[in-house]
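Colleague: I should be grateful for a close look at the charged side-chain pairs of this protein. Please continue from them into their surroundings, in terms that a first-year student can follow.

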Amino acid sequence: MFQQIYDPVNGSLFASALCAMLPLLSMFVMLGWLKISPHVSAAISLLICAVVAGFVYGMPWATVANVGVYGAVFSVLTVLWIIVNAIWLYNLTVRSGHFAVLRDSFALISDDPRIQAILIAFSFGALIEALAGAGTPVAIAGAMLVAIGLHPLKAAVIALVADTAPVAFGALAVPITTLAQVTGLSFEELGHHVGRQTPVVAAFVPLALVWIMDGKRGLRQTWPAAVVAGFAFGAAQWISASHFSVVLADVVGALASAAAVVVLLKFWKPAKLPADAFQNDVTKQAERIHSDVAVGHSRKQLMLAYAPYLLIIAIFTVVQFGLVQKWLGAGTFKFAWPGLAISTQEGKSIGTMFTLNSLSAAGSLLLLAGAISAMMLKVSARAALETYGKTLVQMRWAVPTVLCVMALAFIMNYSGQTATLGRWLAGTGSAFAFLSPVIGWIGVAVTGSDNSANALFGALQVAAAHETGLSPVLLAAANASGGVLGKMISPQSLAVGAAAVGIIGQEGLIFRKVVGWSLFFLLMMATLVYLQSTPVLSWML
């Protein structure tokens, strides 16, 4: 059995943390500044991570390789299976011609693409995150933004930044459920605290989206819609998590946000834009989408255009029922990953169970939604299979990126590198309240999942709380709340965003566009959590 050591460099946690940083720093430098392709950056960073695990942390080389394979295999169902089927479903709607109808239909609400971007990326994206999660909203919202005329790069950036507010309560609050399991704290109490942190940041996200899309002009002309969308989402998420339902916090927030914008547009309209304000360089078309275009489609066409996405919502809602989960559970197989026996520094065994949930996996449910959608949209079986093949070709560079990144994440986690970083940050005393969200942010940046970051660092946050005299619930919740802001810079998310909008290979450019927003919102969250740990804002809790 390999036993982790968190301070392998001469017993110094600081020196060990510097070594543990190398895989992440190398990846971000290669992606963000050296402009090296993402799959090459991920492969090199994986090699650096393996070297640190072997030479610094003393993990046997056979174990390093085995853990890397474990991470890569784990990513197939949890990441790649979801991405491929989500993009396939989108490609089916494009091939059938119904995606163009869906694009036009947004003009029924507003012919301003900035308002449409808020509704698509923020409101609709939050609803998809609430039910599916795992990169699905980034894939779907990014493709839809391209369809309404945005440049692919801008569409990817907006989709990634928008997918922050709902992540902590994503997939019907699975990250909060995991956090409660690993910390032993109350699910409801954790949900209440997260529901009084993330809504504050969420209220400002639509303003950021408008700025990304149209700069000062966008803020000046559309700030009422951005403020209403953000405030409605934040208020509804806060109220639901605090008084109604933690599980449905995102669903309530998404619906409230969209409804609030629709009501606002009954009394207020943004200033008109030039006809070619958001010409899409891919389509090379400068046509403005006017409301009369959408009106030209029949009610049946509009319903069919929305059918695949309504179907996703319906399927992911139905599978939450206990009886359906029991049926789908028949396709779930669990087994201990062969050859892995790892314990913490304290001697506690670390679980290495591999779960193959073939039927209940989000990717499998998206595959089902795609198959039914193909029939509804009258896409032949042959055309659907051809589209699936083209989707796999479209994803050819995203696949090795995700495999390498997940292998890196598992090696960092199982060798003890990630725990070293967390414990180093935890040694700051009362100031740890400010750094607590940073730990969650690091966890999601590495793993691409708030759920995984909570599993990884939830117990550490509680232990740090006991050492520093801070509230365990506050710090555990801060792990989830800070983690959502690392989602947009996670290599997995970057790969999803690039693939969805058709710019695979430009993940580094997307990273440079989103990292500033990630750090800005992280600073906001860290300040909020710190003030909540003091009498200044403790009343919020």
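Modeller: D214 and R217 form a salt bridge in this predicted model, and their closest N and O atoms are 2.7 Å apart. The two residues both belong to helix α11, which covers residues 205–244, and they are three residues apart, about one turn of that helix. An α-helix has 3.6 residues a turn, so residues three or four places apart point the same way. Side chains of opposite charge can pair when their charged atoms come close.

The two partners differ in how they are covered. D214 counts as buried because its relative accessibility of 12% is under the 20% cut-off. R217, at 27%, is partly exposed, because that value lies between the 20% and 50% limits. The pair does not stand alone: salt bridges with shared partners join D214 and R217 with D112 and R114 in one network.

Within that network, R114 and D112 meet through their side chains in a salt bridge, 2.7 Å from N to O. R114 has a relative accessibility of 0% and therefore counts as buried. D112, at 3%, also counts as buried.

The structure as a whole holds five salt bridges. A further one joins R95 to E386, with the closest N and O atoms 3.1 Å apart. This pair links distant parts of the chain, since R95 lies in helix α3 and E386 in helix α17, 291 residues apart. R95 is partly exposed at 41% relative accessibility, and E386 is partly exposed at 35%.

Which other residues connect helix α3 with helix α17? An aromatic pair does so: W88 lies in helix α3 and Y388 in helix α17 (residues 381–394), 300 residues apart. The structure contains 14 aromatic pairs. In the one formed by W88 and Y388, the ring centres are 5.1 Å apart and the planes meet at 65°, an edge-to-face arrangement. The angle counts as edge-to-face because it is over 60 degrees. Unlike the partly exposed R95, W88 is buried, with a relative accessibility of 5%. Y388 is buried as well, at 18%.

V84 adds to this picture. It is found in helix α3, and its relative accessibility of 7% means that it counts as buried. Leaving aside its neighbours within four places in sequence, V84 is in contact with Y388, T391, L392 and M395. Y388, the aromatic partner of W88, is thus among the contacts of V84. The C-alpha atoms of V84 and G363 are separated by 8.0 Å, although their positions lie 279 residues apart along the chain.

Just before helix α17 there is a loop, running from α16 (362–376), and K378 is placed in it. The phi of K378 is near 60°, a positive value in a residue other than glycine. Most residues other than glycine have a negative phi, and most peptide bonds are trans. K378 counts as exposed, because its relative accessibility of 74% is over 50%.

Helix α3 (residues 61–96) also contains W61. This residue is partly exposed, with a relative accessible area of 46%. Together with L47, V51 and F55, W61 forms a nonpolar patch on the surface, with about 460 Å² of accessible area in total. Helix α2, residues 38–56, gives the most to this patch, with three residues.

A word is needed on how far the model may be trusted. The average pLDDT of the chain is 81, and 91% of the residues score at least 70. Over residues 281–295, however, the pLDDT is below 50, and this stretch has 29 contacts in the model beyond near neighbours in sequence. Where pLDDT is low, the predicted coordinates should not be read in detail.

To draw the account together, one charged network joins D112, R114, D214 and R217. Elsewhere, helices α3 and α17 are linked by the salt bridge between R95 and E386 and by the aromatic pair of W88 and Y388.

Conventions
Residues are numbered from 1 along each chain as its sequence is written. This is a predicted model: local features need pLDDT of at least 70, side-chain atom pairs count only at pLDDT 80 or more; totals for chains, interfaces and linings use all residues. Side-chain values use heavy atoms; hydrogens and water are left out. pLDDT is the predictor's confidence in each residue, from 0 to 100. Contact means heavy atoms within 4.5 Å. Patches are made of residues with over 30% relative accessible area and no salt bridge: like charges are joined within 9 Å, nonpolar side chains (Val, Leu, Ile, Met, Phe, Trp, Tyr) within 5 Å. Accessible areas come from the Shrake-Rupley method with a 1.4 Å probe; for residues, only the protein chains shown count as cover. A salt bridge is a side-chain nitrogen of Lys or Arg within 4 Å of a carboxyl oxygen of Asp or Glu. Helices (H or I, at least four residues) and strands (E, at least two) are DSSP runs, numbered from the N terminus. Buried means under 20% relative accessible area, exposed over 50%, partly exposed in between (1.4 Å probe, protein chains only). Rings of Phe, Tyr and Trp (its six-membered ring) pair if their centres lie within 6.5 Å; planes under 30 degrees apart count as stacked, over 60 as edge-to-face and the rest as tilted.
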